[in-house]
Amino acid sequence: MKYKKRKYFLAGRINSIQRSKIRELFEKARKMENVISLGIGEPDFDTPQVIKEAAKRALDEGYTHYTPNAGIPELREAIAEYYKEFYQVDVDPNSVIVTAGAYEATYLAFESLLEPGDDVIIPDPAFVCYVEDAKLSEAGILRIPLREENDFMINPDELVEMITKRTRMIVINYPNNPTGAILDKETAKAIGQIAEDYNIYVLSDEPYEHFLYDDAKHYPMIKYAPDNTILANSFSKTFAMTGWRLGFTIAPEQVINGMTKLHAYIVGNVTSFVQIAGVTALRDKRSWEAVENMKKTYAERRNLALKHLSEIPHLKVFRPKGAFYIWAKIDPELNMTSEDFANWLLEEARVVVIPGTAFGKQGEGWIRISYATKEELLTEAFERIKRAMEKL
């Protein structure tokens, strides 16, 4: 008996995921010459030398084998020490899991905590992975708008109005990607209180915590709702370690135990010698000296970008207090969508910016500009944008 030859197929969960508009724009730009990218969300700095030397040393010392699924004890302890030193928060190392970047940390949270029939509240605009993670967990998705008049912070009153018996989790991300907004202390406290009152989780994604401006401060959510917070973080931005794929989650121990079971079947454990480098990143003063230099440089680039953008017609910027992005509003009189504007700017100025709609419907009419690139390239890019915009 012969069976009909079957064509390739993909599971429905894969077909439900949307391809990132950010990647689509980069692929288009790669086919063009003389393009400057202000789109990438990645530090242009090299990883501090002391961290690289720690990884090399670990290789020579034989750290080439499996580790405990949740991470080596020394790194989990170093993470706990870090939160005590920086934020005066007590963290039990058993409440920490080491992950393959914050991407895996957020994925583990969605898959471990949400079921079909649950709802998750996700900001709009928001980083691209949250909605796709929610789709994979088969949870219902509710978008809470981040409004310019509220400095792109979540409004606690609106949050309460959205909560139902189906609500299991809310996602927050401050300092914020894409807007560069921060969360003030009062709002952080209010969100924490709501999470406790309604018995819902807060997935707080905090990789930009050290890049702050205008005397802004960061308030980790575990400070205000420790029994309800799933804190995702990463070494990628702080220590310019994007390619190392090193992150972590802090959560109640029973949640960490559940996440660890899933993590064990996904990656097993994060690369052993990378974990050793992570210990050095957190404990060696030279790595923190490098972070301070990066922070100073980002602040200078931010000021440079704001100065140039103030001279460019048809763009109005939200002044960021965190991360390394500028959220800029397109003049409605241009009658161009965010995507049309980004594509036009690529064609006319050979500059990549990200359309706001890549981050949600509320991003319509905005673009995200990254200043994580060298000053001479920033200056050239803004001069190109200005010349193109003056023609409109």
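## A tour from β3 outwards

Start by selecting β3 (119-124) and β4 (140-145): these two strands pair in the parallel sense over 6 bridges. Strands and helices here are DSSP runs, numbered from the N terminus, with at least two residues (E) for a strand and at least four (H or I) for a helix; two strands pair if DSSP finds at least two bridges between them. This is a predicted model, in which local features need pLDDT of at least 70 and side-chain atom pairs count only at pLDDT 80 or more, while totals for chains, interfaces and linings use all residues. Residues are numbered from 1 along each chain as its sequence is written, and side-chain values use heavy atoms, with hydrogens and water left out.

**Along β3.** Zoom in on Pro123, which stands opposite Ile144 in β4. Now show the side chains of β3: Asp119, Ile121 and Pro123 point one way, and Val120, Ile122 and Asp124 the other way. In a regular strand the side chains alternate between the two faces of the sheet. In β3, 6 of 6 residues are buried, where buried means under 20% relative accessible area, exposed over 50%, and partly exposed in between (1.4 Å probe, protein chains only).

**Helix α6.** Next, select residues 129-136. Helix α6 is largely enclosed by the rest of the structure, because 6 of its 8 residues are buried. Those are Cys129, Tyr130, Val131, Glu132, Asp133 and Ala134. Around them you will find α5 (101-113), β3, β4, β5 (167-172) and β6 (201-205), against which the buried residues of α6 pack. Just after the helix comes Glu138, with a positive phi near 60 degrees.

**Strand β8 and its partners.** Move on to residues 247-250. From β8, Gly247 and Thr249 point one way and Phe248 and Ile250 the other way, and all are buried. Which strands pair with β8? Strand β2 (residues 96-99) does so in the antiparallel sense over 4 bridges, and β7 (residues 229-234) also runs antiparallel to β8, joined by 4 bridges. Click on Thr249 to see both pairings: Ile97 stands opposite Thr249, and Thr249 is also the bridge partner of Ala232.

**Ile79.** From here, find Ile79 in helix α4 (residues 73-87). Ile79 counts as buried because its relative accessibility is 0%. Leaving aside neighbours within four places in sequence, Ile79 is in contact (heavy atoms within 4.5 Å) with Val96, Val98, Phe248, Ile250 and Leu282.

**The cores.** Select Leu38, Tyr83 and Leu315: of the 105 residues in the largest nonpolar core, they touch the most other members. Such a core is a set of buried Ala, Val, Leu, Ile, Met, Phe, Trp, Tyr and Cys residues joined through side-chain atoms within 4.5 Å. Helix α11 (residues 285-309) gives this core its largest share, 8 residues. Apart from the largest core lies another, of 26 residues, among them Val120, Ile122, Ala232 and Val255.

**A second sheet.** Now look for the open sheet of 4 strands, ordered β9-β10-β13-β12 with antiparallel pairing. Its edge strands, β9 (315-318) and β12 (354-355), each pair on one side only. β9 and β10 (residues 325-330) share 4 bridges, and the partner of Val317 in β10 is Ala328.

**Last stop.** Finish at Ile17, in the loop between α1 (12-15) and α2 (21-30). At 32% relative accessibility, Ile17 counts as partly exposed.
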